[in-house]
Every structure is written in C-alpha cells, then in structure tokens.
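Good morning, and thank you for the opportunity to present at this meeting. Please take a moment to look over the sequence and the structure before I begin.

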Amino acid sequence: MNNSKEVLVEVKDLKKYFPVRGGMIAEKRQVLKAVDGVSFDIYKGETLGLVGESGCGKTTVGRTILKLYEPTSGRIIFDGDDITDLNDRQMRPYRKRMQIIFQDPYASLNPRMTVGDIIAESIDIHKIATGEERKAMIFDLLDKVGLNHEHANRYPHEFSGGQRQRIGIARALAVNPDFIVCDEPISALDVSIQAQVVNLLEDLQDEMGLTYLFIAHDLSMVKHISDRVGVMYLGKIVEIAESSELYSNPLHPYTQALLSAIPVPDPDAMEQQNRIILKGDVPTPINPPSGCRFRTRCPIAGDICAEQDPEMKDYGGGHMAACHFIK
C-alpha cells in the first residue's frame with residue numbers, strides 16, 4: 001500500500017462518446033455516452049480500484065486513459081504531461097510507461113506467435129534489445145511471473161487460462177512500465193487461480209514500484225488489492241474513497257446496494273444481511289435519465305434528483321460522493 005500523494009495520472013472531466021447508427025431514416029445522430037464527465041487522480045505506487053455493473057464504462061475509462069480510444073473531451077495528464085491531443089508518434093514514449101492487462105487471456109494472445117515472441121513484441125517495437133540480451137529479458141520476465149524458460153518456445157493453446165494471464169502480465173512488464181491498467185484480469189479465471197494472479201500483481205507492484213488501475217466486478221477482491229476505490233454508474237463516478245472507508249461507510253445509495261450484495265461465507269450472518277434489491281434495469285447510455293442517473297433505481301430519490309445532476313463533494317478525508325441526500 002502506498003502512502004505518498006504524488007500524482008501519476010490525472011483525469012479531468014473525461015468523456016468518451018461512440019456514434020450509434022440509426023435506422024434507414026435517422027432524424028438525428030445518436031451517441032452512446034460510455035464515459036460522461038469522469039474526474040479522478042491516481043497516485044504513484046497505489047492501486048485504484050474501479051467497480052460497477054457491466055456496461056457502466058469502466059473498461060472504456062481504462063482504454064481512453066491509455067489513448068487506445070481517443071477521448072471525446074476532457075484532459076488526460078500523465079506524470080505532469082498533458083497527453084490528450086498527442087498523435088501516435090508523439091505517444092510512443094508514453095506507450096512504454098503505460099500498459100494494459102486484458103480481461104480475456106484466450107483472446108488477447110496471438111495463437112500464431114510463440115510465448116517468447118508475444119512477450120518480446122513491445123521490446124522489438126521500441127528497439128530495446130536484440131539477440132542474447134532479448135532472450136535474457138524474456139527469460140527474466142518468465143521468471144517474474146512464475147513460468148519456466150522452456151515455455152518461451154510454446155504457443156498459447158498449450159497453456160491454461162491462469163498461465164495465459166501470466167503471459168499477458170509478462171508482456172505488459174516487458175517495457176518496464178510505470179502504470180498498468182488491469183482490465184478485469186481475473187474475471188475469466190477459475191476462482192482457485194484468481195488469488196494467485198492477484199498475489200502476483202501485488203508482489204510485482206512492490207518489486208517494481210508499479211501503479212495500477214484495477215477494474216473488476218468482484219468487490220471482495222477489489223477491497224483486498226486496492227488502496228482507494230471508485231464506484232461507477234452509467235458513465236459517471238458516484239463515489240470514491242479509501243478502500244477501508246468505502247467498505248465500512250458507503251455514502252451513495254448505489255454503493256450501499258453493491259456492497260450489500262457481497263456474499264457472506266457464514267450462513268447465519270447471511271440471513272441477517274440487509275440486502276438492498278435495486279428495482280428495474282440500468283438505463284441506456286444512449287438516452288440516460290436527466291439529473292442524477294441513478295434516480296430511476298434509487299430508493300431515496302426526490303424531485304431534485306430529476307432536475308439537477310449532483311456534484312461530487314468531499315465528505316472528509318478524501319471521501320467523495322455525488323448525491324443530493326447525503327447528510
């Protein structure tokens with residue numbers, strides 16, 4: 001866990017809209033507001049967890065920060081440099097410092113490349129090493145993620161899901177990055193393997209001084225690995241706080257509902273658990289509700305919620321939330 005407050009990544013009012021194709025006759029061009037005005041900082045050496053239901057925009061946030069998607073508006077500042085408007089050539093030095101671990105270890109590895117070539121792809125692109133030095137780097141990366149040297153000559157189909165994700169982690173580490181977006185890196189893995197991968201990520205963070213944006217569904221795992229946690233709903237962050245503070249004192253009704261759904265291993269405690277059941281479905285990001293986006297499912301929504309979008313406010317110690325009815 002990191003106690004320094006030196007900012008590595010600043011995200012300011014970030015928006016990412018995708019055009020939506022209409023029917024034969026479209027009266028006006030529609031857009032899907034995947035990310036709609038998100039702001040947060042990530043401190044050097046910390047893990048910021050990002051949670052929320054499927055389709056809330058978590059992955060889009062991660063990919064837009066890395067400029068895999070071009071932002072619609074807003075600013076992305078990396079280690080003091082504004083990278084928002086940089087082109088591909090200008091982004092190249094930053095690509096070495098910003099990497100991603102993808103969700104699906106089966107789809108993210110090229111089946112026609114050996115593991116060694118997959119890991120070394122970014123080494124080759126950035127012309128970091130060749131020959132024996134390149135080979136030594138591959139072996140060192142395999143050691144770091146708990147794989148054997150002979151695995152370098154094998155192909156992805158010869159490995160289990162957990163081993164493939166270790167290969168994906170080695171690929172992300174190959175250019176010695178500062179910041180890694182972990183895009184649901186354990187959700188496609190067996191439960192027995194998930195803890196191993198999370199422990200590996202924590203060990204690598206301590207060893208290499210890495211900074212993570214950890215995107216996930218599993219709220220228990222996010223609590224375990226994260227220094228701070230941000231909660232997203234329909235393209236917006238509704239609450240962000242220190243991990244222990246968020247889990248012990250959730251302020252936003254959506255956060256309270258999410259945390260109430262965490263399974264409890266004790267059957268007796270499970271019966272006493274105050275489960276909050278949200279009504280209805282998540283609205284479409286093409287035409288989100290006016291005002292507060294959560295109001296259509298919120299148990300405490302009032303008239304003001306339809307009229308005004310609540311601002312993020314600090315309720316002490318960096319615990320930020322956006323709700324009209326937090327006291």
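**The open sheet and its helix**

I begin with a pair of residues: P19 stands opposite V31 in strand β2. What you see is a predicted model. The two residues belong to a longer pairing, in which strand β1, residues 7-20, runs antiparallel to β2 over 11 bridges.

These strands are part of an open sheet of 4 strands, with the order β2-β1-β4-β5 and antiparallel pairing. Which strands stand at the edges? They are β2, residues 30-43, and β5, residues 81-82. Each has a single partner strand, so one side of each is left without a neighbour in the sheet.

Helix α1, residues 58-65, packs on this sheet and touches β1, β2 and β4, the last of these being residues 73-78. The direction of α1 makes about 115 degrees with that of β1.

The loop between α1 and β4 holds K67. This residue deserves a remark on its backbone. Most residues other than glycine have a negative phi. K67 is not a glycine, yet its phi is positive, at about 65 degrees. Is K67 buried or exposed? Its relative accessibility is 5%, and K67 therefore counts as buried.

L234 offers a second case, with a positive phi of about 50 degrees although it is not a glycine. L234 is placed in the loop between β9, residues 228-233, and β10, residues 236-242. At 3% relative accessibility, L234 counts as buried.

**Strand β8 and its partners**

I turn now to strand β8, residues 211-215. How many of its residues are buried? The count is 5 of the 5, so β8 is largely enclosed by the rest of the structure.

In a regular strand the side chains alternate between the two faces of the sheet. In β8 both faces are covered: T211, L213 and I215 are buried on one side, and Y212 and F214 are buried on the other.

Strand β8 also has strand partners. Strand β3, residues 47-51, runs parallel to β8 and is joined to it by 4 bridges. Within that pairing, T47 has Y212 as its bridge partner. Strand β7, residues 179-183, pairs with β8 in the parallel sense as well, over 5 bridges. There, F179 stands opposite T211.

A residue of helix α7 brings us back to this region. V222 is placed in α7, residues 219-225. With a relative accessibility of 0%, V222 counts as buried. What does V222 contact, leaving aside its neighbours within four places in sequence? The contacts are G49, V51, F214, A216, V229, S243 and Y247. Of these, F214 has already been mentioned as a buried residue of β8. For a sense of span, V222 and L86 are 136 residues apart in sequence and 32 Å apart in space, C-alpha to C-alpha.

**Helix α3 and the helices it packs against**

The last part concerns helix packing. Two packed helices are described by the angle between their axes and the distance between the axes.

Helix α3, residues 115-125, packs with helix α5, residues 161-173, at an angle of about 30 degrees, and their axes are 7 Å apart. Angles under 35 degrees count as roughly parallel, and α3 and α5 are therefore roughly parallel to each other. The crossing of α3 past α5 is right-handed. From α3, the residues V115, I118, I119 and S122 meet I167, A170 and R171 of α5. The residues of this contact comprise 5 nonpolar, 1 polar and 1 charged.

Helix α3 also packs with helix α4, residues 131-144, at an angle of about 115 degrees, with the axes 10 Å apart. Here too, α3 passes α4 in a right-handed crossing. On the α3 side the contact involves V115, G116, D117, I119, A120, I123 and D124, and on the α4 side R134, M137, I138, L141 and L142. The residues of the contact of α3 with α4 divide into 8 nonpolar, 1 polar and 3 charged.

I close with H151, in the loop between α4 and α5. H151 has a relative accessible area of 7% and is buried. Which residues does H151 touch, not counting those up to four places away in sequence? They are V115, F159 and Q163. V115 is also among the α3 residues that meet α5.

Thank you for your attention.

Technical notes. Residues are numbered from 1 along each chain as its sequence is written. This is a predicted model: local features need pLDDT of at least 70, side-chain atom pairs count only at pLDDT 80 or more; totals for chains, interfaces and linings use all residues. Side-chain values use heavy atoms; hydrogens and water are left out. Axes are lines fitted to C-alpha atoms, for helices over the stretch in contact, and angles run from 0 to 180 degrees between N-to-C directions. Angles under 35 degrees count as roughly parallel, over 145 as roughly antiparallel, 65 to 115 as roughly perpendicular and the rest as oblique. A crossing is left-handed if the near helix is turned anticlockwise from the far one by less than a right angle, and right-handed if clockwise. Contact means heavy atoms within 4.5 Å. Ala, Val, Leu, Ile, Met, Phe, Trp, Tyr, Cys and Pro count as nonpolar, Asp, Glu, Lys and Arg as charged, and the others, Gly among them, as polar. Buried means under 20% relative accessible area, exposed over 50%, partly exposed in between (1.4 Å probe, protein chains only). Two strands pair if DSSP finds at least two bridges between them.
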